[in-house]
Amino acid sequence: MAEIKVLPKHIAELIAAGEVVERPSAVIKELVENSIDAGATDITVDIKRGGILYMSVRDNGSGIAAADVPTAFMRHATSKINKAEDLDAISTLGFRGEALAAISSVSKTEIITRTAEEAVGTRCVIEGGVQTALEEVGCDTGTLIVVRDIFYNTPARMKFLKSDVTEANSIAAVIDRIALSHPEISFKLIRDGKRVLTTSGDGNLKNVVYSVLGRDFASSLIEAKGEYDGITVGGMVCKPVYCKQNRNGQFFFLNGRLIRSGTASAALEQAYKNSAMTGKFPCCVLQINVPFDAVDVNVHPSKMEVRFSDERKVFNAVYGAVKNALINGDTRPELQTKQTFNPYKPVEHTQAQQTKIEVVFKEEAGPQLPITEKVERVEKVELRSPRPQFADYGVKAEPIKEKPKVNVDIVVEEKPQAIETKTEEIIDRPIRYIGCAFDTYIIAEMGDNVYFIDKHAAHERILYEQFKETQKIEVQELLVPLTVTLTADEYCAIVGNIESLLKYGFDVDDFGNNTLVVRAIPAMLTNEDTTLILTEIAEKCMKGMDVSVERIDDIFHTVACKAAIKGGQNSTDRELEILAQRILRSHDIMYCPHGRPVAFKLTKKELEKQFGRLG
């Protein structure tokens with residue numbers, strides 16, 4: 001066995017830093033939590049280049065006494081724990097006593113601080129864990145901590161950082177969540193010289209929700225409040241009609257700290273049972289307060305996961321508060337009238353100049369990703385807004401017996417293309433369209449079989465395969481750009497994939513403060529809810545921020561699903577006949593992109609058995 005040695009101090013501190021300082025947002029989280037624990041009512045965060053070059057946290061809290069400043073940067077130094085029993089009732093956010101030591105060991109850190117009792121402040125500079133300056137300085141009461149050049153002395157850690165935009169968005173998400181948990185504190189976030197977030201600090205949670213999550217989210221909320229066996233719950237929950245397709249709108253705070261809690265989430269969703277649509281998830285901003293000795297927050301280094309001494313009490317408290325809010329605060333949803341100005345509606349002129357953008361993929365030799373060209377073509381076109389015809393769906397028919405009439409708005413090939421199927425016999429068999437059940441399921445006969453085809457699933461798969469094959473999507477520029485507000489996580493996911501989304505027809509710009517500006521969308525989606533589409537794409541992108549084959553497929557899935565004809569939507573017999581022809585003449589189309597079967601077969605023999613014609 002090799003000789004066992006005690007690690008040198010600077011190496012031990014670098015290892016400890018890895019537990020606390022994963023990226024710039026982790027630094028901001030630790031420093032802001034210390035400011036809150038110091039009693040600050042005004043906290044300003046300033047970052048440059050995503051915090052990699054510069055980040056600072058300024059507060060008006062109690063400050064640090066001059067004699068304690070050097071000690072504050074030592075490992076295991078804290079003012080929040082004095083004896084072992086204190087670990088059983090932790091009431092502060094930052095308590096480990098490692099944050100400042102870890103941060104200063106991998107950066108150039110400067111602190112300027114003063115307490116109300118001292119006439120002058122103290123300035124201390126520590127670079128790579130080594131103190132280089134300690135002096136008196138004039139300053140206001142409170143603390144300013146500046147962190148420069150993070151990971152400058154650990155290049156191996158630097159290479160794992162994301163782009164400046166991604167790191168800045170991660171910091172913004174941290175500030176958003178902390179601001180939601182402390183509406184009594186005014187938060188400001190300055191990003192590359194521009195203020196992107198300001199909260200009033202007036203204690204009104206709805207005002208903070210408006211500033212952080214946007215007007216639409218705030219307008220969907222109703223107040224929730226309750227108490228159960230010493231556990232209090234307060235905050236806001238959404239009306240059932242505003243439930244989302246994911247849990248990204250759920251924010252739980254325990255004694256002022258953001259947490260992940262399966263117990264609280266289950267209680268919330270149980271309260272919405274029989275009120276929300278199946279597959280939809282409620283949104284909330286809930287503050288749960290429990291006795292400090294009834295929860296263990298030292299379960300995980302990130303302190304996001306906690307352990308309750310009695311999970312059932314927490315469940316009952318959350319369930320009761322939310323259920324009472326829905327009973328007393330929910331109202332019948334109002335009928336939404338059509339907006340005064342529809343950005344998708346063309347101008348009334350018969351002729352207008354419009355820019356069409358075609359996004360074309362070019363393949364190059366080697367395993368590199370396709371190169372995208374954005375080609376703009378200005379032409380005069382007739383702008384009208386008829387009901388979308390089947391030609392827009394991208395389905396091409398195989399000729400049946402006679403050529404269709406000219407006035408039918410569908411794409412028909414005079415000479416059929418060769419369709420690859422498993423047997424030539426299938427191509428030659430005539431297909432007879434019978435009808436459509438419930439405006440959803442096409443019924444067609446081929447040979448000795450009757451087929452039931454899900455028209456949405458079938459068309460969705462056809463579009464998906466066309467996108468994959470042509471790598472080309474026609475784009476529609478909006479006459480007036482749309483602004484879309486998302487949650488912090490959804491916003492970060494979209495911003496991290498803006499260039500990739502352009503390849504699929506979405507021209508999106510970062511507007512800041514969890515808001516996007518949409519200037520163009522795929523032409524086939526002009527009648528769809530843009531916010532909902534971007535939310536779904538964001539959810540798919542949250543697996544990672546790098547473009548991959550799986551990511552491309554996910555986005556194609558979403559576009560194909562939204563553009564496909566819908567179940568229950570009226571379709572002409574001719575449209576459905578063409579779709580049945582396309583499906584039944586191709587054995588390759590068996591399932592929709594989500595894995596659902598496109599068609600079921602009922603044999604003549606089985607049908608005759610049911611009627612007793614066969615023994």
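This section describes a mixed sheet, a helix pair, the cysteines and one buried tyrosine in a predicted model.

The sheet is open and consists of eight strands in the order E5-E4-E3-E6-E2-E1-E7-E8, with mixed pairing between them. Strands E5 and E8, the latter spanning residues 194-198, occupy the two edges, and because each has a single partner strand, one side of each is left without a neighbour in the sheet. From one strand to the next, the twist averages 10°.

Within this sheet, strand E4, which covers residues 121-127, is mostly covered, with five of its seven residues buried. On one side, E4 is paired in the antiparallel sense with strand E3 (residues 108-114) over six bridges, and the two strands are joined by a hairpin of six residues. In the register of this pair, Glu110 is placed opposite Val125 of E4, while Ile112 is placed opposite Arg123 of E4. E4 also runs antiparallel to strand E5 (residues 130-137), to which it is joined by seven bridges, and here Gly121 stands opposite Val137 of E5. The hairpin between E4 and E5 has two residues between the strands, and Gly128 adopts a positive phi near 60° in this hairpin.

Elsewhere in the model, helix H9 (residues 262-271) packs against helix H10 (residues 311-329) at an angle of about 35°, the axes of the two helices being 8 Å apart. The crossing of H9 and H10 is right-handed. From H9, the contact involves Thr263, Ala264, Ala266, Ala267, Leu268, Gln270 and Ala271, which meet Glu311, Val314, Phe315, Val318, Tyr319, Val322, Lys323 and Leu326 of H10. By residue class, the contact of H9 with H10 comprises 11 nonpolar, two polar and two charged residues. The buried residues of H9 are Thr263, Ala264, Ser265, Ala267, Leu268 and Ala271, and their packing extends to other elements as well as H10, namely strand E10 (231-238), strand E11 (250-254) and strand E13 (284-289).

With regard to the cysteines, a disulfide is a covalent bond between the sulfur atoms of two cysteines, and a search of the whole structure returns zero disulfides. Cys283 takes part in no disulfide, and the nearest cysteine sulfur, which belongs to Cys238, lies 4.4 Å away, a separation to be set against the cut-off of 2.5 Å applied to sulfur pairs. Cys283 is itself buried, since its relative accessible area is 3%, a value that falls under the 20% limit for burial. For Cys284, the closest cysteine sulfur is that of Cys283, at 7.8 Å, and the two sulfur atoms are therefore too far apart for a bond. Cys284 likewise counts as buried, because its relative accessibility is 0%.

The last site considered is Tyr504, which is found in the loop between helix H14 (498-503) and strand E22 (507-512). Although Tyr504 is located in a loop, its relative accessible area is 1%, and the residue is therefore classed as buried. Tyr504 and Val475 are separated by 29 residues in sequence, whereas the C-alpha atoms of the two residues are 8.5 Å apart in space.

Terms used. Residues are numbered from 1 along each chain as its sequence is written. This is a predicted model: local features need pLDDT of at least 70, side-chain atom pairs count only at pLDDT 80 or more; totals for chains, interfaces and linings use all residues. Side-chain values use heavy atoms; hydrogens and water are left out. Axes are lines fitted to C-alpha atoms, for helices over the stretch in contact, and angles run from 0 to 180 degrees between N-to-C directions. Helices (H or I, at least four residues) and strands (E, at least two) are DSSP runs, numbered from the N terminus. A crossing is left-handed if the near helix is turned anticlockwise from the far one by less than a right angle, and right-handed if clockwise. Contact means heavy atoms within 4.5 Å. Ala, Val, Leu, Ile, Met, Phe, Trp, Tyr, Cys and Pro count as nonpolar, Asp, Glu, Lys and Arg as charged, and the others, Gly among them, as polar. Buried means under 20% relative accessible area, exposed over 50%, partly exposed in between (1.4 Å probe, protein chains only). Two strands pair if DSSP finds at least two bridges between them.
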